[in-house]
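This report goes through a single protein chain, from its overall pattern to its nonpolar cores and charged side-chain pairs. Please keep the sequence and the structure at hand while reading.

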Amino acid sequence: MAQQSLLGRVGQLVRANINALLDQAEDPQKMLDQMVRDYTQAIREAEQSVAQTIGDLRLMEDDHAEAVATAKEWGGKAGAASRKADQLRGQGNATEADRFDHLARVALQRQIDAEGQAKGFEPQIASRTEVVEKLKTGLEGMRRKLEELKAKRDELVARSRMAAAQSQVHDAVKAVDLLDPTSEVSRFEEKVRREEARMRGQEELAASSLDAQFEALEVDSDQTEVELRLAALKGGTSTD
């Protein structure tokens, strides 16, 4: 009964669909850690049960071997007693011959009993051997499943760390985009260009004012010439 219960538990664990369980888990990594612990504990318990079952099988095999050896031994004694009876009867000692024949019958009965005992062990040994083989197979399946679980867990942890690193890089790039130093440089450059343009405007304005002064000076010079000539006419002198 205990072996059947153990077989059922082993089969359930071996048939567990890890991917399906992970799809339903809110935190797959924690679930995998818990599953690794559960499988490790289950394997430890299964190993103890399998060891006990194997131990019981070996005891049964020893009892079978002992019964076979006992049957063989009583068979040998029966043969020896029968031969002794034949020898004594040949010598005319019927009473002793009968006594040894009786011993031969007793030995044969013991042989039959031992053979029956050995034969009774055989189906039990066959059944227990089948159970042990199933348990060994199931236990090996559990060990493979545990390795698969550990590999899944390690893969998930690695992927989680990589995703976290990528997220950090993404956030950093996003922050750089929001605080792009090149945009500050561009704004400063635009400010310098505007200042340069303003200075050019002032220079052009200053140049324009200077030209106006020179033009005014030329106008003043023309008026002075006119006044001189007018004075010369009035004075009767010529400017030539």
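## Fold pattern and surface

Read from one end of the sequence to the other, the protein chain follows the pattern α-α-α-α-α, and the tally for this predicted model is 5 helices and 0 strands. Among the contacts in the protein chain between residues at least 6 apart in sequence, 80% join residues that lie at least 24 apart.

Of the 240 residues of the protein chain, 20% count as buried. The area that the chain exposes comes to about 17,500 Å², and carbon and sulfur atoms supply 53% of that area.

## Nonpolar cores

The largest nonpolar core holds 14 residues, and those that touch the most other members are Tyr39, Ile43, Leu139, Met142, Leu146 and Leu149. Two elements, α3 and α4, give two or more residues to this core, and the largest share, 8 residues, comes from α3.

A second core, separate from the one just described, is made up of 6 residues, including Ala85, Leu88, Ala97 and Phe100.

## Salt bridges between distant parts of the chain

The count of salt bridges comes to 15. One of the pairs consists of Arg153 and Asp33, whose side chains meet with an N to O distance of 3.8 Å. This pair links distant parts of the chain, since Arg153 belongs to helix α4 (residues 94-178) and Asp33 to helix α3 (residues 28-90), with their positions 120 residues apart in sequence. Arg153 has a relative accessible area of 23% and is therefore partly exposed, and for Asp33 a relative accessible area of 23% likewise leads to the description partly exposed.

Another salt bridge is formed by Arg89 and Asp98, with the closest N and O atoms 2.7 Å apart. Arg89 counts as partly exposed because its relative accessibility is 37%, while Asp98, at 44%, also counts as partly exposed. Elsewhere, salt bridges that share partners join Asp33, Arg153 and Asp154 into one network.

## A salt bridge within helix α3

Which residue forms a salt bridge with Lys77? The partner is Glu73, and the closest N and O atoms of the two side chains are 3.5 Å apart. Because Lys77 and Glu73 are 4 residues apart in helix α3, about one helical turn separates them.

Are these two partners buried, exposed or partly exposed? Lys77 has a relative accessibility of 39% and so counts as partly exposed, and Glu73, with a relative accessibility of 45%, counts as partly exposed too.

## Glu155 and Gln29

Helix α4 is also the place of Glu155, a residue that is partly exposed, its relative accessible area being 39%. Although Glu155 and Gln29 are 126 residues apart in sequence, their C-alpha atoms are 9.8 Å apart in space.

Terms used
Residues are numbered from 1 along each chain as its sequence is written. This is a predicted model: local features need pLDDT of at least 70, side-chain atom pairs count only at pLDDT 80 or more; totals for chains, interfaces and linings use all residues. Side-chain values use heavy atoms; hydrogens and water are left out. A salt bridge is a side-chain nitrogen of Lys or Arg within 4 Å of a carboxyl oxygen of Asp or Glu. Buried means under 20% relative accessible area, exposed over 50%, partly exposed in between (1.4 Å probe, protein chains only). Contact means heavy atoms within 4.5 Å. Accessible areas come from the Shrake-Rupley method with a 1.4 Å probe; for residues, only the protein chains shown count as cover. A nonpolar core is a set of buried Ala, Val, Leu, Ile, Met, Phe, Trp, Tyr and Cys residues joined through side-chain atoms within 4.5 Å.
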